[in-house]
Amino acid sequence: MPVVEIEGLTKSYRVYQKNEGLLAAVRGLFHRQYRTVDAVRGIDLTVEQGEFVAFLGPNGAGKTTTLKLLSGVIHPSGGTAHVMGYVPWKREHAYRRRFALVMGQKNQLWWDLPAQESFRLHQQIYRIDATDFDRTRDELTELLQVRQLLGRPVRELSLGERMKMELIAALLHSPEVLFLDEPTIGLDVVAQHNIQQFLKHYQEVRQITILLTSHYMKDVAALCRRAVIIAQGRIMYDGSLAGIVDRFSGHKVVTLAFADDAELPNLARFGTVVEARAPKVKLRVDRPKVAEMLAAVLSQHVVSDVSVEDPPLEEVIADMFQSAEASLATADA
Amino acid sequence: MSTAAATFVSRFGVWWTILRICIEERLVYRGDFALGTLMRFLPIITQTFLWTAVFVGAGGPAAIGGFTRDEFIAYYLLTYVARAFSSMPGLASSIAAQVRSGEIKKYLVQPIDLLTFLFLSRLAHKLVYYAVATAPFALVFYICRGYFHGWPDAPTLGAFVLSLMMSFLLGFFLEATLGMIGFWFLEVSSLLFVYMLFNFFFSGHMFPLTILSEPWRTIVLYQPLQYLAYFPAAVFLGKVQGPELVQGLLGQAAWTFAFIVAARTAMHFGLKRYSAFGG
Amino acid sequence: MQPNYFAVFREFARNSLVREMTFRGNFILDCISSLSWVFMQLGLYLVIFEHTNQLGDGTGWSRWPFFVFLATTLFVNSLVQFFFMTNMEELSDLIRTGNLDFALLKPIDTQFLLSMRKFEWSSLANLVFAAILLGVALTHLDFTPTPLQMLLYVFYVMCGVALLYSLMIGLGSISVWLGRNESLYDFWFYITNFSRYPMEIYSGPFGTPLRLAFTFAVPILLVANVPARLMAWPLASQDWRLAAYAAVASIVALVASRKVFYKALDAYRSASS
């Protein structure tokens, strides 16, 4: 049985239109103007036990809203969702003790107290057995190398250290499902890497189910085999990361280095030249034409080096979002 | 020609829209502000009931501390007017904060005097406040007009206005002096809190100071805080008259002058100390 | 499996205390400032009772019974402040920052979690002062309260706390709905101001409707009046009806405010990030 089952999930809400300035704000108390935002427009998704799934998408695509729906923070406008057989927005205690949500931009630890005090509070709220609690806490602090920071007030920790503490707080009750919303946002490269390594290790050992949203392709590439791309509240793609390029990119990037570097040949008829700096030319070529183009060039010129690559993932996805936006704009108009 | 006319009409339409929105905004803003000011008068209701009960309980005496029941209510209303002049929210703490943050430096290099600058900005602030608060004040006084027995005579009214003006000056320079203490002690918030409490009690905002028994009554009528609320209200109600009134106004002028000097002196030595020790 | 509410409660209390102790200067200042307000109130009534024997005609609120009343007001308000005030003030912050999300994830009653997270230990200074004032006032009464009166007093102080807390939760629900908290705090102050006086002072053509409104529509006049009346003079039969009503009103208020609060939480849309 799948762990997460979503069918036709939608969420739209009315947003109070804020205008700039104090006067406008006061005026807004009397005349409120609302705008309806369709954050999620019908999502179907099934996630199996032990999967590590990434949600990719631009800001406002509906990733975070989906995670909030799945954790029961907000109610949907339509559709159904089950996580481990529970309906999240019924907010049952039994469900609440089996999952956790970590939000990179928010902080749930007591700001002025050492993190261990917040952990103790979690122990009581989740009723974690004392020996289990000690073992889990020690294991997690060991893995994340923050043991010596346990006694320091949270406000004195760096962003990365605080994120680690947030993760520990979320994992103390050994959740079976973990929702991560931008867990590495704002962190430096080293801290990002540490947290990636930790998540990877933890997921492999525990075989829990994780849904992650992130802006950083590195997070996704390092952690997830399955990527779900959301744009404008809809799922655009669901499959492996490598498959994205196959499916959405019709071209390859070909780089040629010419031995006779006196003059670069004009290659515009084969594709779009991205960069031409003697002796190298880089161009985008439609996939079916690559073979033909290479044959033609190699027969006419002396070429010292050739590489044929897929375009970078970020670029493909960015293109995809743009076309999604454009198609939606025309559909709305 | 017709296109020019059409252009003019459309442009005029835009102007009109902008003007209307601005007026609307102003009005709504004023409405909200006026509502807030009216809300502040709500405690008058419980004070009215409380003092009515006090007079009834005492067997309906003619006056307590020289004030009849109606005059008590009138007194409370008038203290609101006096405090609209004398209270300086945030003045002392902002001076202290500027010292702490080092922002005060700009007065060392710029050809502007700290006190003058603060005074002018406070004056502007108050003027805007009066422009907006007059309507709600007028409404409350109109509703409560039964507690007043007509307008006082012209000299009394003149004395009232004079004492309000001086209460503004006194309030300003008293708080400014306190703020200057920030030059010597960085943490003045507790001190300011104590001052606020004293101010509330000894300015006569809680009750007319004359209802205190001796020797307290004599003592409180010598201290400067009385001029921030009690004195103007008492003047309006004709409780201070003749030589007493002149004496009172002179006393208020003397305290005001004393605090002008105190604020100037404190600023002088404070800035001297500041530039000597750095921020 | 239900969480151990008592253990969580203890943890909240401990954490808040640890926190207050890290800012000890602040803590002492808070104690002093809240006590000073109380002293000023006391000063006002000391002055008043120099000029009158009692408040109103034949009400029985002479000096010492009235100080029982004043102590009761203090008790109820400092308890509300101790348990709930900080939390309700923070509720609007939680809504604004979207941190209310975390409260909705925990396997524990959300109202409990949001109402009792932080204790304001400094308000215990007022509580201690209220106890002293009550003790002094009781020794000056011309009768000795019976153990039954003591019991009823404790019970009705709790009812008073429940009534004020319900009002607070109601206001909190409004801020959840609106997603903001404009001047609700002022509103709270102005409304509760009416509860700080003996109900008899609200008489006459304006006072009577006011008294009825604050007894039956928004029953905040019951908060201090009922426990104080049960303590300030020997139990009298005319107070029973009011007492029975107060008990019922407290329960109804708690249940109703809880329903409203959960409705508001259902409507909650977390601030988008």
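In helix H4 of chain A, the residues Ala115(A), Glu117(A), Ser118(A), Phe119(A), Arg120(A), Leu121(A), His122(A), Gln123(A), Gln124(A) and Ile125(A) are buried, a residue being called buried if 20 or more other C-beta atoms lie within 10 Å of its own, exposed if 12 or fewer do, and partly exposed in between, with C-beta atoms placed from the backbone. H4(A) is thus mostly covered, with 10 of its 11 residues buried; helices here are DSSP runs of H or I with at least four residues, strands are runs of E with at least two, and both are numbered from the N terminus. The structure is a predicted model, in which local features need pLDDT of at least 70 and side-chain atom pairs count only at pLDDT 80 or more, whereas totals for chains, interfaces and linings use all residues. Residues are numbered from 1 along each chain as its sequence is written, and chains are lettered from A and ligands numbered from 1 in the order in which they are written.

The cover over the buried residues of H4(A) includes helix H5 (130–144) and helix H6 (159–171) of chain A, together with helix H1 (5–22) of chain C. After H4(A) comes Arg127(A), with a positive phi near 50 degrees.

The contribution of chain C to this cover leads to the interface between the two chains. Here 28 residues of chain A are in contact with 25 residues of chain C, where contact requires that the C-beta atoms of two residues, placed from the backbone, lie within 7 Å. On the chain A side, helix H2 (63–70), helix H3 (93–96), strand E5 (99–103) and helix H4 (115–125) each give two or more residues, and H4(A) gives the most, with five. By class, this side holds 11 nonpolar, eight polar and nine charged residues, counting Ala, Val, Leu, Ile, Met, Phe, Trp, Tyr, Cys and Pro as nonpolar, Asp, Glu, Lys and Arg as charged, and the others, Gly among them, as polar.

Chain C also meets chain B, with 24 residues of chain C in contact with 22 residues of chain B. Helix H2 (24–51) and helix H8 (184–193) of chain C each supply at least two residues to the chain C side, to which H2(C) gives the most, with 10 residues. That side has 11 nonpolar, 10 polar and three charged residues.

Within chain A, an open sheet of six strands follows the order E5-E6-E7-E3-E8-E9 with mixed pairing, two strands being paired if DSSP finds at least two bridges between them. Strands of a sheet pair through backbone hydrogen bonds, either parallel or antiparallel. The edge strands are E5(A) and strand E9 (234–240) of chain A, each of which pairs on one side only. Strand E3 (residues 52–56) and strand E7 (residues 209–213) of chain A pair in the parallel sense over four bridges, and Val53(A) has Leu211(A) as its bridge partner in E7(A). By contrast, E8(A) and E9(A) run antiparallel and are joined by six bridges, with Arg226(A) opposite Ser240(A) in E9(A). These two strands form a hairpin with two residues between them, and Gln232(A) in the turn has a positive phi of about 50 degrees.

Further positive phi values occur in loops of chain A. Most residues other than glycine have a negative phi, and most peptide bonds are trans. Met84(A), in the loop between strand E4 (78–83) and H3 of chain A, has a phi near 55 degrees and is partly exposed, with 18 other C-beta atoms within 10 Å. Glu182(A), in the loop between strand E6 (177–181) and helix H7 (189–206) of chain A, has a phi near 50 degrees and counts as buried, with 21 C-beta neighbours inside 10 Å. In chain B, a cis peptide bond with omega of about 5 degrees joins Glu214(B) and Pro215(B).

The largest nonpolar core has 207 residues, of which Ala54(A), Val68(C) and Leu163(C) touch the most other members; such a core is a set of buried Ala, Val, Leu, Ile, Met, Phe, Trp, Tyr and Cys residues joined through C-beta atoms within 7 Å. Its largest share, 19 residues, comes from helix H3 (residues 63–97) of chain C. A second, separate core of six residues includes Leu256(A), Leu283(A), Val285(A) and Met293(A).
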